[in-house]
Amino acid sequence: MKALAHKLVEELTVETAFTIGGKIQIAESVVITWVVMAIITFLCIWLTRNMKVRNPGKRQLAAEFIVNWLDSFTGDMLGEHALQYREYMSTVLLFIGFANIIGVFGVKPPTKDMNVTIALSLMSIILIEAAGIRAKGGKGWLRSFTEPIAIVTPINILEVFIRPLSLCMRLFGNVLGAFVIMELIKMLVPVGVPVVFSLYFDFFDGLIQAYVFVFLTSLFIAEAAEPAAPRPKKVRKAKKKAVQA
Amino acid sequence: MLRIDLNIVWEIINVLILFALVKKFLFKPVREILKKRNDEIEASYQAAEKTNKDADDLKAQLAASASKIAENEEKAVADAKVKGAAEYDRIVSEAQSKSEQIISEARDKAKAVADQEKRKAEDEITGMVKEAAAKIAESESDEKLYDDFLKEVSQNEQ
């Protein structure tokens, strides 16, 4: 039992893959991210090689289907005002999806490392706020914190921190939990059974988590990128004028 | 177990690089191809429309020229008819005048011939009269004279 616990802890720790200059420690997850990047890039290059305008081959049809699907998938969630963020969201979807599935091959998924999920959620919150500033302008963005009424301003400010935290923790927790259970199952029954559970924990849950991360980020971006509503005071004044007239 | 350190930065860089790679190798080429295909389809639609329009124009042109040809034909036929009629009239009138001329000429000739005959007859008659007169003068009796004269006339007539 003690040996089992020791092994489990070993599996859960994020090891340092190598060290640069004796100081900079490059974590395992970063190295596996490189592998995931290489796989995705290779697939992209392979799919889009020798593309033709007429009589596309099967590979090209697949590439076109994937791009169209990603566009409509992320575009639907982002809404009409934030379509320019489709490509980033598609990239994140591909990355998290592949990163979660890679656990099938006996590798520790990078999303099990909190550094990775923190990085992703930081990028998400920066993108969300940047989309808000781009769509509403600096003033409009600041004013958006007081909406729908001034009293919710503290909660709105808190959300800037809560959103990335929840994104980060949800992804990390799910993948870590799935990984722990999978490791336990592998230790208890090394043959046959892990395959069935791996289908659920690696494929199903992994893809669901990728979807959830992208869905929530897209939703926040869509909300932030909505054009600024007219100021309530002006509306009231206009109404008054209309009544007087 | 939990570890939060500088790897966040490396991971952010990784994701940004991945974003650039996916954009460059997946989205850009596929979008370009899709756009090219759309452009081509659009161009072929336009070309087809233009061809249709050209064909319609050509059709209208042909119809116009056909109607013009028919018109010309009619005109030519009418002209020919008029010309033919004129020619017919001319020929007929010419023939008429010529025949009249021929007739009058013939008449003149006949008249001249008749005149000549007449004169000849007159001359003969004069000669005969002269002869008769001379014979009368010569002859002894009137009876013989008459007989001679009558004999001579009957001979002449035969």
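Student: How many helices and how many strands are there in chain A?
Tutor: Bear in mind that this is a predicted model: local features need pLDDT of at least 70 and side-chain atom pairs count only at pLDDT 80 or more, while totals for chains, interfaces and linings use all residues. Residues are numbered from 1 along each chain as its sequence is written, with chains lettered from A and ligands numbered from 1 in the order in which they are written. Helices (H or I, at least four residues) and strands (E, at least two) are DSSP runs, numbered from the N terminus. On that basis, chain A has 8 helices and 2 strands.

Student: Which pattern does chain A follow along the sequence?
Tutor: Start with the 8 helices and 2 strands of chain A. Put in sequence order, they give α-β-β-α-α-α-α-α-α-α.

Student: What is the radius of gyration of chain A?
Tutor: The globule rule (2.2 Å times the number of residues to the power 0.38, compared with a radius taken over C-alpha atoms) gives 18 Å for the 245 residues of chain A. Chain A is well over that, so it's more spread out than a compact globule. Its C-alpha atoms fill a box of roughly 80 × 55 × 40 Å along the principal axes. The radius of gyration itself is 23 Å.

Student: And what radius of gyration does chain B have?
Tutor: Chain B comes to 2 helices and 0 strands. Along the principal axes, the C-alpha atoms of chain B take up a box of roughly 200 × 20 × 20 Å. For 158 residues, a compact globule would come out near 15 Å, but chain B has 62 Å.

Student: Which residue in the hairpin of E1(A) and E2(A) takes a positive phi?
Tutor: Strands E1 (residues 16-20) and E2 (residues 24-27) of chain A pair in the antiparallel sense over 4 bridges; pairing takes at least two DSSP bridges. One of the partnerships joins A:Thr19 to A:Gln25 of E2(A). The hairpin leaves 3 residues between the strands, and the one with a positive phi, near 65°, is A:Gly21.

Student: At what angle do H3(A) and H4(A) pack?
Tutor: Helix H3 (residues 58-78) and helix H4 (residues 86-101) of chain A have axes 9 Å apart; axes are lines fitted to C-alpha atoms over the stretch in contact, with angles from 0 to 180 degrees between N-to-C directions. A:Leu70, A:Asp71, A:Thr74, A:Gly75 and A:Leu78 of H3(A) meet A:Arg86, A:Met89 and A:Ser90 of H4(A), where contact means C-beta atoms, placed from the backbone, within 7 Å. Their angle is about 115°.

Student: Is H4(A) roughly parallel or roughly antiparallel to H7(A)?
Tutor: The axes of H4(A) and helix H7 (residues 193-224) come within 8 Å and cross at roughly 155°. Under 35 degrees counts as roughly parallel, over 145 as roughly antiparallel, 65 to 115 as roughly perpendicular and the rest as oblique. The pair is therefore roughly antiparallel.

Student: How many nonpolar residues are in the contact of H5(A) with H6(A)?
Tutor: The axes of H5 (residues 114-143) and H6 (residues 153-188) in chain A come within 8 Å and cross at roughly 145°. The contact includes A:Ile118 and A:Leu122 of H5(A) and A:Leu167 and A:Phe172 of H6(A). Ala, Val, Leu, Ile, Met, Phe, Trp, Tyr, Cys and Pro count as nonpolar, Asp, Glu, Lys and Arg as charged, and the others, Gly among them, as polar. Besides 3 polar and 2 charged residues, the nonpolar ones number 10.

Student: How many residues of chain A are in contact with chain B?
Tutor: From chain B, the side that touches chain A has 20 nonpolar, 2 polar and 7 charged residues. In total, 29 residues of chain B take part, and the number from chain A is 34.

Methods
Two residues are in contact if their C-beta atoms, placed from the backbone, lie within 7 Å.
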